[in-house]
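Work through the following exercises with the coordinates open, and compare each step with the solution given.

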Amino acid sequence: MKYVKLGNSSLNVSRICLGCMGFGDSSIGQHSWTIDETHSREIIGRALELGVNFFDTAIAYQLGTSEQYLGRALRDMAHRNDVVVATKFLPRTEQEITAGIDGKQHVLNSLNTSLKNLGMDYVDIYIYHIWDYNTPASEILEGMTEAVKQGKARYIGIANVYAYQLAKMNALAEKMGWAKFIAVQNHYNLIMREEEREMFKLCHEDNIAMTPYSALASGILAKRPGEKSLRQERDSFMHFKYDSTAQQDSVIVNRVVELAESRGVEMTQIALAWLLAKVESPIVGATKIHHIEDAARALDVMLTREEINYLEEPYVPHNLSGVMAVNKPAMKEKPVWVAAASNR
Ligand SMILES: NC(=O)c1ccc[n+]([C@@H]2O[C@H](COP(=O)([O-])OP(=O)(O)OC[C@H]3O[C@@H](n4cnc5c(N)ncnc54)[C@H](OP(=O)(O)O)[C@@H]3O)[C@@H](O)[C@H]2O)c1
């Protein structure tokens with residue numbers, strides 16, 4: 001395994017992050033394809049053996065059971081100080097808004113629930129999962145800053161965000177003396193490269209780490225055409241993310257297959273070797289032991305400039321998909337950046 005320092009933090013993380021969205025109780029929550037605790041533990045254990053120390057989960061994943069499985073596995077198989085755990089919170093619910101729970105309190109309540117799920121007293125990175133258009137940005141940042149002050153989060157991160165939003169948030173944090181985002185978790189892989197437009201430059205200039213999700217396009221960049229799985233059958237969100245561009249993307253997927261064959265490696269290794277040349281630590285999902293083994297072996301592959309160009313050449317700009325396609329402001333009013341209470 002190789003390790004990297006994450007942006008403006010002291011965290012030293014493996015260059016492969018194990019994504020835990022596929023772990024959790026499949027009878028509850030968003031996904032019906034997730035794997036049970038026994039199988040999740042096997043993958044987490046193998047990841048630890050391979051030197052993976054970076055784990056990504058969320059309160060949203062299978063109603064907290066992903067956090068619970070991860071927490072229990074790490075408690076049994078690792079020392080807390082040797083692993084880097086990231087989890088995320090969702091936007092405020094309608095009920096919270098009606099009950100008068102502000103953004104700051106929402107962040108702290110969510111974190112307490114996540115810590116309980118994980119059985120931990122702190123997380124290493126607390127991530128703003130989905131932009132909350134109904135809550136002033138300053139309330140979210142105040143909550144996250146308070147989490148850091150209380151020692152419940154070492155650093156903060158953000159996901160599913162435009163570069164302008166991240167730049168404004170960190171500028172606000174700087175002005176107010178609040179915690180700044182050290183890492184961004186957006187959708188980026190060989191067949192979804194819109195991050196290169198603006199986010200790359202912001203992260204490079206401000207030393208914000210990139211830890212992208214769906215590194216293998218939810219399996220499209222890892223499976224030979226025709227290879228089936230339960231997830232492919234049942235994950236409607238994955239189909240929503242990728243089906244409309246499948247035809248144009250297949251040119252790139254075929255090039256991944258071709259390079260994998262010519263080098264005698266797995267497709268995963270080619271797709272991740274490309275991403276590892278661009279970002280600090282891609283987040284990879286695994287539902288089988290060999291998935292995390294193949295991901296770790298991607299670090300053995302160094303693509304040539306010609307191979308990188310060959311993989312990149314067919315890409316044409318894509319519309320945003322997934323969370324970024326559906327999360328839009330509900331109201332016509334301008335978003336509120338600074339709540340009245342913080343405007344001092
Ligand atoms: N912030 C966000 O909004 C957000 C959104 C999505 C994901 N995430 C994070 O990112 C992580 C990864 O996301 P993801 O699951 O969409 O992406 P991914 O890493 O692109 O895809 C993972 C899937 O690829 C397949 N796979 C992996 N290795 C393989 C191999 N060697 N051979 C064949 N198939 C292989 C498996 O599919 P099968 O299970 O079908 O075999 C696995 O479920 C999540 O666990 C989560 O932590 C965050």
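**Exercise 1.** Determine in which sense strand S8 and S9 pair, and over how many bridges.

*Solution.* Strand S8, residues 181-185, pairs with S9 in the parallel sense over 2 bridges, where strands are DSSP runs of E with at least two residues, helices are runs of H or I with at least four, and both are numbered from the N terminus. Two strands pair if DSSP finds at least two bridges between them. For one of the residues involved, Ala183, the bridge partner in S9 is Ala209. This is a predicted model, in which local features need pLDDT of at least 70 and side-chain atom pairs count only at pLDDT 80 or more, while totals for chains, interfaces and linings use all residues. Residues are numbered from 1 along each chain as its sequence is written.

**Exercise 2.** Place this pair in its sheet, and find the edge strands.

*Solution.* The open sheet has 8 strands with parallel pairing, in the order S9-S8-S7-S6-S5-S4-S3-S10. Its edges are strand S9 (209-210) and strand S10 (283-285), each of which pairs on one side only.

**Exercise 3.** Describe the shell around the ligand, starting with the residues that come nearest.

*Solution.* Of the 32 residues around the ligand (C-beta atom, placed from the backbone, within 6 Å of it), those that come nearest are Gly19, Met21, Gly219, Ser229 and Gly285. Next, helix H8 (230-234), S10 and helix H12 (289-297) each supply at least two residues of the shell.
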